[in-house]
Amino acid sequence: MIKFEGVGKVFQSKGREVAAVQDVSLSIEKGEIFGVIGFSGAGKSTLLRLVNLLERPTSGKVIVNEQENLSLSEKELRKMRQRIGMIFQTFNLFNSRTVFGNVAYPLKIAKVPKQEINRRVTELLQFVGLADKANYYPEQLSGGQKQRVGIARALATSPDILICDEATSALDPETTSDILTLLKRVNEEYNVTILLITHEMQVIRTICDRVAVMENGRVIEEGSVFNLFTNPTTKTTKNFISSVLNDKISPQLFEKLCGNKSSHLYRIIFTGEETSKPLLSNIAKSFEVDVNILYGNISEIQEVLFGNLIVELQGNQVEIGRAVNHLKQYVEVQEVTSHAS
Ligand SMILES: Nc1ncnc2c1ncn2[C@@H]1O[C@H](COP(=O)(O)OP(=O)(O)OP(=O)(O)O)[C@@H](O)[C@H]1O
């Protein structure tokens, strides 16, 4: 549905070249919710703006609905933009227009008959839960309500793609959760493919099917949200995951435990069925080791359970080695060698 093929974007800024996006290849399939996460300056906004040609790539191709966007005529480009809705962190509503007027605007531009505009806007305001606010002005609305108007407006021309530029970053956690639920409904009920960018792992975890991690203009890791959470390979991804799983022990506790020579720390990662097996009580019974759970967390990611434990094993080296080898038959086990690992 959206394909980036070796895409790059270089800006000329004050006599300097800034490579905002470098050699990005990604494929976003019809019907999925695809997230791009990265720190500030990673190149996310630029990547997003290449989709509807708000920015032009300096290398590579961006293909939307099988058409390379650079090859489109002005008229075709206008048509393509109607198929791509967009929502923003700062909502970008017209303050001088009512809620109804904001949602009706793209339909007026597209010269849709008045009666049809009334029908469509009424339907969309119902869908986003603002049917009773049609005559309000943006300044009379909360942030979450403004974003609902933004979503209704983006859906007005019945797009098949919705691109979301940090759509929840200005909202509190509860409102963020409501907006993400609404975006999930947009995806399911209107069959809209969603491409979103964010710096919040919680957003990715809550609604995305797949995710790409960006750093310095490049995609450094990509995959299903579940795989990324359970098997991150880069430090940046691990840091993003820690921000939602809180899966590190404190430096103080780590120092204290490392003073004890007969004690070894391990991180145990288990998924799906393994979460219900009594593996730790089994090793305590079968080997001469004591097991002490220091940190435990079981999360649900894409409807599969994912457990993350840090345990202290006490005993002699040989018995600990045997216990760890036994565990490794069922789950992933990593020795924790620093408070950050
Ligand atoms: N119009 C521009 N002219 C020059 N440099 C730009 C322009 N737009 C973006 N950049 C630079 O490109 C890089 C990537 O910026 P971009 O806004 O895409 O990152 P981002 O990941 O979306 O960050 P943020 O979340 O802070 O917006 C940054 O170094 C930025 O300064």
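**View 1. Ile 2 and its partner across the strands of the predicted model.** In this predicted model, Ile 2 stands opposite Val 64, a residue of strand 4. Strand 4 covers residues 59-64 and is joined to strand 1 by five bridges. The two strands run antiparallel. As background, the strands of a sheet pair through backbone hydrogen bonds, and this pairing is either parallel or antiparallel.

**View 2. The hairpin of strand 4 and strand 5.** Val 64 also has a bridge partner in strand 5, namely Gln 67. Strand 5 consists of residues 67-68, and two bridges join strand 4 to strand 5. These two strands are antiparallel and form a hairpin with two residues between them. In the turn, Asn 65 has a positive phi of about 50 degrees.

**View 3. The residues around the ligand.** Which residues surround the ligand? They are Phe 11, Ser 13, Val 18, Ala 20, Gly 38, Ser 40, Gly 41, Ala 42, Gly 43, Lys 44, Ser 45 and Thr 46. Three elements give two or more residues to this shell: strand 1 (2-13), strand 2 (16-28) and helix 1 (44-51). Helix 1 supplies the largest share, three residues. By type, the shell divides into four nonpolar residues, seven polar residues and one charged residue.

**View 4. The span annotated as a domain.** An unreviewed UniProt entry places the feature "domain: ABC transporter" at residues 2-241. The span is 38% helix and 28% strand. The C-alpha atoms at its two ends lie 26 Å apart.

**View 5. An open sheet of four strands.** Four strands form this sheet in the order 12-13-11-14, and their pairing is antiparallel. Which strands stand at the edges? The edge positions belong to strand 12 (290-301) and strand 14 (332-335). Each has a single partner strand, so one side of each is left without a neighbour in the sheet. Neighbouring strands of the sheet are turned by 20 degrees against each other on average, with direction ignored.

**View 6. Strand 11 beside strand 13.** How many bridges join strand 11 to strand 13? There are nine, between residues 263-271 of strand 11 and residues 304-314 of strand 13. The two strands run antiparallel. One of the facing pairs is Tyr 266, which stands opposite Val 311 in strand 13.

Technical notes. Residues numbered from 1 in each chain as written. Predicted model: local features only at pLDDT ≥ 70, side-chain atom pairs only at ≥ 80, totals over all residues. UniProt positions renumbered as here; feature names shortened; annotations may be inferred. Near = placed C-beta within 6 Å. Nonpolar A, V, L, I, M, F, W, Y, C, P; charged D, E, K, R; others polar. Pairing = 2+ DSSP bridges. Axes fitted to C-alpha atoms, helices over the stretch in contact; angles between N-to-C directions.
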